[in-house]
Amino acid sequence: MPLVLHYGDQQLEVAGLVDSGATVNVLPYEAGLRLGAIWEDAKAILRLAGTLGNQPAMPVFVMAEIGEFALTRLAFAWVKSPNAPLILGQTNFFMEFDVCFYRSKLEFEISPKPSLEHPDE
C-alpha cells in the first residue's frame, strides 16, 4: 500500500505491506535514515520475532499520510536490517485503521477508526 511518512521536516514515499499477522509495524533501516532518524545502538531495545528476530530494533514514531485520510501517528520498530520490508501490523496500524480483506478479489480496503467524538464516522 502506498503511503507517505513524515518525520521532522522530511517526508518519504514508500510502499508498505499490510500484514494482519505482524505484531508490530516495521520500518526498514534505510527508510529511517532517509527520514533523518538517527540510530543509537544504546536505544536498540525492541525484540522482534520471525525472520527479523536476530536484528536490533528501536522504537520510532512517524506521521503517516495514507490516501486522503488525516495524518496518523504510527509507532514503528525501526530495524537495523538492509532487507527488511516496511510492514504495517497490529501495533499500531490495525489499532488506527479498520481493514477489510477480500481474498477472492485479492483486494483490501482501509478506513480510519471511528472517532470517539463522532462514532458514526
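## S20 and its surroundings

In this predicted model, S20 is partly exposed, because its relative accessible area of 42% lies between the limits of 20% and 50% that separate buried from exposed residues. S20 belongs to the loop that runs between strand 3 (17–18) and strand 4. Once neighbours within four places in sequence are set aside, the residues in contact with S20 are Q90, F94 and F101. The C-alpha atoms of S20 and T91 are 10.0 Å apart in space, while 71 residues separate the two in sequence.

## N25 in strand 4

The strand that follows this loop, strand 4, comprises residues 25–28 and includes N25. With a relative accessible area of 0%, N25 counts as buried, because that value falls under 20%. The side chain of N25 reaches the backbone oxygen of A75 at a distance of 2.9 Å.

Beyond its neighbours within four places in sequence, N25 is in contact with L74, A75, F76 and A77, and also with I87, L88, G89, T91, N92 and F93. A75 thus appears both in this list of contacts and as the residue whose backbone oxygen the N25 side chain reaches. T91, which is in contact with N25, is also the residue whose C-alpha lies 10.0 Å from that of S20.

## The salt bridge

A search of the whole structure finds one salt bridge. The bridge is formed by K113 and E96, whose closest N and O atoms are 3.8 Å apart. Because K113 lies in the segment after strand 9 (107–112) and E96 in helix 2 (residues 93–96), the pair ties together parts that are 17 residues apart in sequence. Side chains of opposite charge can pair when their charged atoms come close.

Both partners fall into the partly exposed class: K113 has a relative accessibility of 42%, and E96 has a relative accessible area of 22%. The value for E96 is not under 20%, so E96 does not count as buried.

## The largest pocket

The largest pocket has a volume of about 270 Å³. Its lining is made up of 13 residues, of which A22, T23, V24, L48 and A49 are the closest to the centre of the pocket. By residue class, the lining of the largest pocket divides into seven nonpolar, four polar and two charged residues.

Definitions and conventions
Residues numbered from 1 in each chain as written. Predicted model: local features only at pLDDT ≥ 70, side-chain atom pairs only at ≥ 80, totals over all residues. Heavy atoms only, no water. Helix = DSSP H or I, 4+ residues; strand = E, 2+ residues; numbered from the N terminus. Buried < 20%, exposed > 50% of the residue type's maximum accessible area, 1.4 Å probe, protein only. Polar contact = N/O pair within 3.5 Å; in protein donor to acceptor, adjacent residues only side chain to side chain. Contact = heavy atoms within 4.5 Å. Salt bridge = Lys/Arg side-chain N within 4 Å of Asp/Glu carboxyl O. 1 Å grid on protein atoms, 1.4 Å probe; cavity = no way out; pocket = protein on both sides within 12 Å on 5 of 7 lines; lining within 4 Å. Points joined across faces, edges and corners; volume = space filled by probe spheres on them. Nonpolar A, V, L, I, M, F, W, Y, C, P; charged D, E, K, R; others polar.
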